Amino acid sequence: MKHRLAIIGCGGMEGTHASGMDLLADRLDIVTTVDPDLERAEAAAARFPGARAAAKHTEVLDDIDAALVVTPHHTHYEIGSDLLAAGKHVLMEKPLALSESECLDLIEHAERVDRTLMVAYPMRYHPLVVELKRLLDANQIGEVFQISIWTEQRTQYADGHWAHSAATLGGGQLFSHGCHYIDLLLWFLGDPVSGTHVGTRRGTPWLEGEGTSNVSLEFANGALGYHFGTWGARGTKLGYSIHAHGTEAMLEADLRAGKLRIYTRSGVKTLSRTDQHRKYVDRELGQFLDCVEGKSPVPTDGPTSLQGLRVIWRLYQAERERVVADLTGLGFADPWRAPGLDRLPVPAAR
């Protein structure tokens, strides 16, 4: 049986996902494309034989089993709620929603109607990242004590674009893009215990939130994590890179070059290569279909996404208050249902 899928939102990310859907033609049919700009929806529909275009997601609920939502961040909650209420499976582009309460409501709604709610974190499916994770878990480089991630790009939209607004984006570069890499650091290193964030608009005046950020995290096992991200790069050397330092060696995932390398005292060796120009969204979509069919648990589910967002919200609060963030209780395996975990714990009375 093929799944009948709607693509809701036909901007730039729609094109990214569309490139991977051809590889899954035996498992799904794109039956409709949705965008408030009907001409844009029609242009997207033309890529898929038999697909029809619509201006509103509520117009297509009877035609689909599942939906990929790639709309502006501030619309995720409303659209996700409508889809779940109609009994549809949802693959939601990150972030899940813009507040803890909205995230909790979507998660609990999906549980009530027994539908898959998965958040799109495609870096989890990049072959170099998958292999890096496997090698870390196998202690290939000994005891890991530091993982650093660099993401250097230039991102600027037309004046008035929703992504320039902190209210509709959900914050700045860290919330919108850095959430991918907070997710990876938690996946790689486990339970966070403390951290700091420093962000700036310098170099990216078109953004209301930070365009450049530095995140440092401490984990329960003693390892450290770091992420440098910018939307203001006018040039780059590291591009998209992950460095994992262990007591025996260092691993480098050079995503721009498509190479995974290991550095030891005896030299450098390339362990694997891949196509550096792909985002591998077909693997993510395939995973989503497996989850819908009950073949696999959801790896980037609502609770996992929420915990990562809570890390970011606490980092933002700590930055405003000029303190180190307490991140205890925000690991993927920690209890997540209680509201209020997006905020720093209240200090105990002395």
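How much area does the chain expose, and what share of it do carbon and sulfur atoms supply? The exposed area is about 15,500 Å², and carbon and sulfur atoms supply 50% of it. The structure described here is a predicted model.

## The chain as a whole

The chain contains 9 helices and 15 strands. Its C-alpha trace spans about 55 × 55 × 40 Å along the principal axes. A compact globule of 350 residues would have a radius of gyration near 20 Å, and the chain agrees with this, because its own value is 20 Å. Of the 350 residues, 56% count as buried. Among contacts with a separation of 6 or more, 68% join residues 24 or more positions apart. The chain carries 36 positive and 45 negative charges, and the mean positions of these two groups are 6 Å apart.

## Two helices and the glycines after them

Helix H3 covers residues 76–85, and its buried residues are His76, Ile79, Gly80, Ser81, Leu83 and Leu84. These buried residues pack against three strands and a helix, namely strand E1 (3–8), strand E4 (66–69), strand E5 (89–93) and helix H4 (100–113). In an α-helix there are 3.6 residues a turn, so residues three or four places apart point the same way. After H3 comes Gly87, which has a positive phi near 80°.

Helix H8 runs over residues 281–292. With 12 residues at 1.5 Å a residue, H8 should span 16 Å; the distance of 16 Å between its end C-alpha atoms therefore agrees with the expected value. H8 is mostly covered, with 10 of its 12 residues buried. The buried set includes the charged-type residues Asp282 and Glu284, and also Leu285, Phe288, Leu289 and Val292. Just after H8, Gly294 adopts a positive phi of about 75°.

## Val119 and its surroundings

Val119 belongs to strand E6, which comprises residues 117–120. Is Val119 buried or exposed? Its relative accessibility is 0%, and Val119 therefore counts as buried. Leaving aside residues up to four places away in sequence, Val119 touches Leu91, Met92, Lys94, Leu96, Glu284, Thr300, Asp301 and Ser305. One of these partners, Glu284, is also among the buried residues of H8. The C-alpha atom of Val119 is separated by 12 Å from that of Gln307, although the two residues are 188 residues apart along the chain.

Another of the residues touched by Val119 is Lys94. The peptide bond from Lys94 to Pro95 is cis, with omega near -10°. Pro95 itself lies in the loop between E5 and H4.

## Positive phi outside glycine

Asp114 and Arg322 are residues other than glycine that have a positive phi. The table sets out their values.

| Residue | Phi | Relative accessible area |
|---|---|---|
| Asp114 | near 55° | 61% |
| Arg322 | about 55° | 78% |

Where do these residues lie? Asp114 is placed in the loop between H4 and E6, and Arg322 is found in the loop between helix H9 (302–321) and strand E15 (325–326). The cut-off for an exposed residue is over 50% relative accessible area. Asp114 therefore counts as exposed at 61%, and Arg322 is likewise exposed because its relative accessible area is 78%.

Terms used
Residues numbered from 1 in each chain as written. Predicted model: local features only at pLDDT ≥ 70, side-chain atom pairs only at ≥ 80, totals over all residues. Heavy atoms only, no water. Helix = DSSP H or I, 4+ residues; strand = E, 2+ residues; numbered from the N terminus. Rg over C-alpha atoms; globule rule 2.2 N^0.38 Å. Buried < 20%, exposed > 50% of the residue type's maximum accessible area, 1.4 Å probe, protein only. Contact = heavy atoms within 4.5 Å. Areas by Shrake-Rupley, 256 points an atom, 1.4 Å probe, with all protein chains shown as cover. Charge placed at Lys NZ, Arg CZ, Asp CG, Glu CD. Expected span 1.5 Å × (residues − 1).
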